Amino acid sequence: MVANLSMAQNFEGVINMKTTNEVMKETASLTWYLKGTKSRMEISSQAGEHSSEYAIISDEKGLDMVAEGQVTPIDKSALDLGLSNVTLLSEKEGVQMNGYACKQAVYFDGKSQTTYWLTDALGLTFTDIPSIMRRNMPNIDSKGFPVKMEKRNADGKVVLTQEVVSAQVSKVNDSKFDR
């Protein structure tokens, strides 16, 4: 099972991201540390009056959530992606997004439209995103890492966004993956 949780990637460093979920009225910032097959996502979210901070660590030891000093293994059932069938509507090469040369890929799942701006510049791919974070995303065929994702509902309103704020190639100390 562990082999499915973490994948070796060519990027070692830190990626900062931000997300918004209009349905849940939630905003979150995410700091993602990557090294070989190890991944640590530190997440700080705010939904209305409720805020939370936690980390998700994925490595050869498994997949765990760390919050308030407590380590909780994440059950395999949480990784069931439940992915929807999607249809690629369009792809456009040579688009700039957040300072990266990207391919813009637009997918439709029968209800909503999701646009990805994908780059090869980071040495990561869509599948390098830990399964626990991809469980609500459609499985896409396009190559590259999404520096921005935007999901629109049937009315065309943006309901979910995720984007890379910065990506820094740097050495990551192994202690970042301690529980």
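Let's start with one residue, Trp32. Its relative accessibility is 1%, so Trp32 counts as buried. Keep that residue in mind as we go. One caution before more detail: this is a predicted model.

What does Trp32 pair with? Its ring sits with the ring of Phe145, centres 5.8 Å apart. The planes meet at 35°, so this pair is tilted. Trp32 belongs to strand S2 and Phe145 to strand S10. The two are 113 residues apart, and the pair links distant parts of the chain. Is Phe145 buried or exposed? Phe145 has 0% relative accessibility, so it counts as buried.

How many aromatic pairs does the structure hold? Two. A pair of rings is described by the distance of the centres and the angle of the planes. The other pair is Tyr107 with Tyr116. Here the centres are 6.2 Å apart and the planes stand at 75°, so the pair is edge-to-face. Tyr107 is at 4% relative accessibility, and therefore buried. Tyr116 is at 0%, so it is buried too.

Stay with Tyr107 for a moment. Ser112 touches it, and also touches Lys151, Arg152 and Asn153, leaving aside residues up to four places away in sequence. Where is Ser112? In the loop between S8 and S9. Ser112 has a relative accessible area of 8%; the limit for buried is under 20%, so this loop residue is buried.

Now the core. The largest nonpolar core has 31 residues. Which members touch the most others? Ile15, Trp32, Tyr116, Leu122 and Val147. So Trp32 and Tyr116, from our two ring pairs, are both on that list. Seven strands are named as supplying at least two residues each: S1 (13-21), S2 (26-35), S3 (38-47), S7 (87-97), S8 (100-108), S9 (113-119) and S10 (145-152). Apart from this core lies another, of seven residues, including Val14, Tyr33, Val172 and Phe177.Next, the sheet. Eleven strands form an open sheet with antiparallel pairing. The order is S6-S5-S4-S3-S2-S1-S11-S10-S9-S8-S7. Which strands stand at the edges? Strand S6 (70-73) and S7. Each has a single partner strand, so one side of each is left without a neighbour in the sheet. From one strand to the next, the twist averages 20°.

Let's walk across part of that sheet, beginning at S2. Ten bridges join S2 to S3, and the two run antiparallel. Trp32 stands opposite Met41 in S3. S2 and S3 form a hairpin, with two residues between them. In the turn, Gly36 has a positive phi of about 60°.

One step on, S3 pairs with strand S4 (residues 50-59), antiparallel, over nine bridges. Met41 stands opposite Ile56 in S4. This hairpin also has two residues between its strands, and Gly48 takes a positive phi near 60°.

Then comes strand S5 (residues 62-67). S4 and S5 pair in the antiparallel sense over five bridges. Ile56 stands opposite Met65 in S5. From Trp32, then, the path runs to Met41, on to Ile56, and on to Met65.

One last contact. What lies over the face of Trp117? Lys148 does, at 5.5 Å from the ring centre.

Notes:
Residues numbered from 1 in each chain as written. Predicted model: local features only at pLDDT ≥ 70, side-chain atom pairs only at ≥ 80, totals over all residues. Heavy atoms only, no water. Core = buried A, V, L, I, M, F, W, Y, C linked by side-chain atoms within 4.5 Å. Buried < 20%, exposed > 50% of the residue type's maximum accessible area, 1.4 Å probe, protein only. Helix = DSSP H or I, 4+ residues; strand = E, 2+ residues; numbered from the N terminus. Phe/Tyr/Trp six-rings, centres within 6.5 Å; stacked < 30°, edge-to-face > 60°. Lys NZ or Arg CZ within 6 Å of the ring centre and 35° of its normal. Contact = heavy atoms within 4.5 Å. Pairing = 2+ DSSP bridges. Axes fitted to C-alpha atoms, helices over the stretch in contact; angles between N-to-C directions.
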